[in-house]
Amino acid sequence: MAEAHLTLLLLAASMSCLVTASQAHQKIHIVGGSYGWKIPPNTTFYEEWANKQSFFVGDKLVFLYTTGLQNVIEASEEEEFTYCKQTNVEDVQFVGPTILQLTKAGVHYFYCSVGLHCEGGQKLRVNVTHEAAA
């Protein structure tokens, strides 16, 4: 019986270490850096910002914006993102700042649906991969 308790204790401790190590690799990305989430100076601004980043499952995106002036729409498909359509929205966030955790690998699409912000380049495509090796 004591041996079983010791085994369970060691297993729990090992799992705790794995979870801690896994969380240590998670990164918080401030979308747009110090510029934040607003109408960009050019239509490729957020694309250029994303190209300098690596995104992994478990990372978080922080969209810094003022409630009522911006929002964050998560689109489910590239066409919706490309043409700023709201036909198959996965998520809508209206209260800034918004923090979203990247929970699955693949391409994720985000944009602002206020006015013509999306058409002006306030949109972000990120390619999320499985966690980097330690």
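Mentor: Two strands are treated as paired if DSSP finds at least two bridges between them, and we will read this predicted model with that criterion in hand.

Trainee: In which sense do β1 and strand β3 run, parallel or antiparallel?
Mentor: Strand β3 covers residues 60-63, and three bridges join β1 to it. With at least two bridges needed for a pair, the two strands qualify, and His 29 stands opposite Leu 61 in β3. The direction in which β1 and β3 run is parallel.

Trainee: Which strands stand at the edges of the open sheet of three strands?
Mentor: The order in this sheet is β1-β3-β6, with mixed pairing. One strand at either edge has a single partner strand, so one side of each is left without a neighbour in the sheet. On average, neighbouring strands here are turned by 20° against each other, direction ignored. The edge strands are β1 (28-30) and β6 (98-101).

Trainee: Which element gives the largest share of the largest nonpolar core?
Mentor: This core has 18 residues, and those with the most contacts inside it include Val 31, Trp 37, Phe 55 and Phe 110. Two or more residues come from each of α2 (45-51), β3 and β8 (123-129). The largest share, four residues, comes from α2.

Trainee: Which residues of strand β7 does the second, separate core include?
Mentor: That core has seven residues, among them Ala 75, Tyr 109, Tyr 111 and Cys 118. Strand β7 spans residues 106-111, and comparing that range with the named members of the second core picks out Tyr 109 and Tyr 111.

Trainee: Which residues of strand β4 does Phe 110 touch, leaving aside residues up to four places away in sequence?
Mentor: The contacts of Phe 110 include Trp 37, Leu 61, Phe 63 and Leu 124. Strand β4 runs over residues 72-75, where Val 72 and Glu 74 point one way, Ile 73 and Ala 75 point the other way, and all are buried. From β4, the contact list of Phe 110 holds Val 72, Ile 73 and Glu 74.

Trainee: Which residue in β7 stands opposite Ile 73?
Mentor: β4 has four bridges to strand β5 (residues 89-93), which runs antiparallel to it, and there Glu 74 stands opposite Asp 91. β4 also pairs with β7 in the antiparallel sense, over three bridges. Within that second pairing, the residue opposite Ile 73 is Tyr 111.

Trainee: Which residue in β8 does Tyr 111 stand opposite?
Mentor: Six bridges join β7 to β8, and these two strands run antiparallel. In this pairing the residue that faces Tyr 111 is Lys 123.

Trainee: Is Arg 125 buried, partly exposed or exposed?
Mentor: Arg 125 has its place in strand β8. Its relative accessibility is 38%, and the class between buried, under 20%, and exposed, over 50%, applies. Arg 125 therefore counts as partly exposed.

Trainee: With the side chain of which residue does the side chain of Arg 125 make a polar contact?
Mentor: Leaving out residues up to four places away in sequence, Arg 125 touches Ala 50, Glu 78, Phe 81, Val 107, His 108 and Tyr 109. Phe 81 lies 44 residues away along the chain, yet the two C-alpha atoms are separated by 8.3 Å. The side-chain polar contact, at 2.9 Å, is with Glu 78.

Methods
Residues are numbered from 1 along each chain as its sequence is written. This is a predicted model: local features need pLDDT of at least 70, side-chain atom pairs count only at pLDDT 80 or more; totals for chains, interfaces and linings use all residues. Side-chain values use heavy atoms; hydrogens and water are left out. Axes are lines fitted to C-alpha atoms, for helices over the stretch in contact, and angles run from 0 to 180 degrees between N-to-C directions. A nonpolar core is a set of buried Ala, Val, Leu, Ile, Met, Phe, Trp, Tyr and Cys residues joined through side-chain atoms within 4.5 Å. Buried means under 20% relative accessible area, exposed over 50%, partly exposed in between (1.4 Å probe, protein chains only). Contact means heavy atoms within 4.5 Å. A polar contact is a pair of N or O atoms within 3.5 Å; within protein, one must be able to donate a hydrogen and the other to accept it, and residues adjacent in sequence count only if both atoms are side-chain atoms.
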